[in-house]
Amino acid sequence: MFFHNLLVFAAISASAVWNVHAHGTITGVSGANGVQGTGFGILASTPRNGALPNPFEQDTSVIRDVEIQTGQVGVCGRTKASGNNDVASQLAAASAAGLPSASTDGSVTMTLHQVNQDGAGPYTCDVSADGGNTFQAATVTQQVPGKFGLSLATATNFTLVAQMPAGMACTAGPNGDACIMRCRNPALAGPFGSCVAVTNGSGAGTASAAGTASAAVTAAAGTATAPAAADAAAKKAKAAKAKRHMVSRIAGKRSGHWLDSQ
């Protein structure tokens with residue numbers, strides 16, 4: 001088994017070296033709110049039924065830390081067709097088109113298109129709530145098949161799901177409600193992947209608002225009930241006093257005295 005896996009890995013590696021341009025990118029995001037989005041730098045005109053460098057790889061992002069750290073590109077890397085993926089303009093375009101939302105547990109469902117061999121998994125993802133200034137690790141819950149970024153798959157779509165950190169509030173973009181999910185693989189020629197813009201799911205916010213509204217109604221009811229209760233108590237005390245006057249006066253030897261029944 002080990003020898004077989006070694007041969008497969010060697011064959012894939014040789015193929016990747018021969019096809020030095022080999023890629024995988026996020027072509028779609030399916031929001032829990034029903035909104036569909038795309039990855040940064042994705043071109044609708046790029047065909048998805050082939051594995052050659054031209055034209056099938058033209059909108060795949062290469063996201064290298066060394067290029068980001070030296071200021072050559074932004075935090076979402078670059079594509080062959082369009083160069084640097086400018087985060088501000090990509091967020092603005094995504095917000096104008098409508099942001100896909102994460103599910104209530106923070107999960108983001110994406111379509112990873114593997115163009116050729118070293119666009120495979122595993123993918124790691126991180127997420128930024130502030131427009132790319134800082135990133136936190138996301139948890140990948142549905143992975144793209146592969147070893148070391150390699151597999152034999154070509155021109156194939158896979159579902160990639162990553163979960164945002166608990167409690168993360170999206171604050172970026174022109175409307176202050178966007179997060180950036182960034183995913184990439186460990187391919188030596190890459191890393192390959194993409195960034196996508198998403199917004200928070202509405203479940204937690206809705207529940208919080210409902211709780212606040214319920215508390216407000218309860219408080220209002222309590223405020224309204226308090227005067228009524230006090231008024232009722234006063235009337236009851238007055239009635240008891242009147243009754244005592246009426247039934248407690250006696251005649252005879254103890255005339256002029258009051259009886260206290262308490």
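**Figure 1. Surface and overall build of the protein chain.** The protein chain exposes about 14200 Å². Carbon and sulfur atoms supply 60% of that area. The model is predicted. Its protein chain has 262 residues, and 37% of them are buried. Five helices and twelve strands make up the secondary structure. Among contacts with a separation of 6 or more, 66% join residues 24 or more positions apart.

**Figure 2. The three disulfides and their pattern.** A disulfide is a covalent bond between the sulfur atoms of two cysteines. The structure holds three of these links. Counting bonded cysteines along the chain, the pattern reads 1-6, 2-5, 3-4. The pairs are C76 with C195, C125 with C183, and C170 with C179. The next three views take each pair in turn.

**Figure 3. The disulfide of C76 and C195.** The two sulfur atoms sit 2.1 Å apart. The torsion about the S-S bond is about -100 degrees, so this disulfide is left-handed. C76 lies in the loop between α3 (65–69) and β4 (78–79), while C195 belongs to strand β12 (residues 192–198). The pair therefore ties together parts that are 119 residues apart in sequence. Both C76 and C195 are buried.

**Figure 4. The disulfide of C125 and C183.** Here, too, the sulfur atoms are 2.1 Å apart. The S-S bond has 110 degrees about it, and the link is right-handed. C125 is in strand β7 (residues 124–128), and C183 is in strand β11 (residues 179–184). The pair links distant parts of the chain, 58 residues apart. C125 is buried, as is C183.

**Figure 5. The disulfide of C170 and C179.** This link spans 2.1 Å from S to S. With -105 degrees about the S-S bond, the link is left-handed. Both C170 and C179 are buried.

**Figure 6. Strand β7 and the strands that pair with it.** Four of the five residues of β7 are buried, so this strand is largely enclosed by the rest of the structure. β7 and β11 run antiparallel, joined by five bridges. One bridge matches S128 with I180 in β11. The disulfide of C125 and C183 also connects these strands, with C125 in β7 and C183 in β11. β7 pairs as well with strand β8 (residues 136–137), in the antiparallel sense and over two bridges. In that pairing, V127 stands opposite Q136 of β8. In a regular strand the side chains alternate between the two faces of the sheet.

**Figure 7. T27 and its contacts.** T27 has its place in strand β1 (residues 24–30). Its relative accessible area is 18%. The cut-off for a buried residue is under 20%, so T27 counts as buried. Leaving out residues up to four places away in sequence, T27 touches G37, T38, G39, I42, R48, T111 and H113.

**Figure 8. The charged end of R182 over the ring of F135.** The charged end of R182 sits over the F135 ring. The distance to the ring centre is 3.8 Å. R182 falls within the range of strand β11 (residues 179–184). As for pairs between aromatic rings, the structure holds zero.

Definitions and conventions
Residues numbered from 1 in each chain as written. Predicted model: local features only at pLDDT ≥ 70, side-chain atom pairs only at ≥ 80, totals over all residues. Heavy atoms only, no water. Buried < 20%, exposed > 50% of the residue type's maximum accessible area, 1.4 Å probe, protein only. Contact = heavy atoms within 4.5 Å. Phe/Tyr/Trp six-rings, centres within 6.5 Å; stacked < 30°, edge-to-face > 60°. Lys NZ or Arg CZ within 6 Å of the ring centre and 35° of its normal. Areas by Shrake-Rupley, 256 points an atom, 1.4 Å probe, with all protein chains shown as cover. Disulfide = S-S within 2.5 Å. Pairing = 2+ DSSP bridges.
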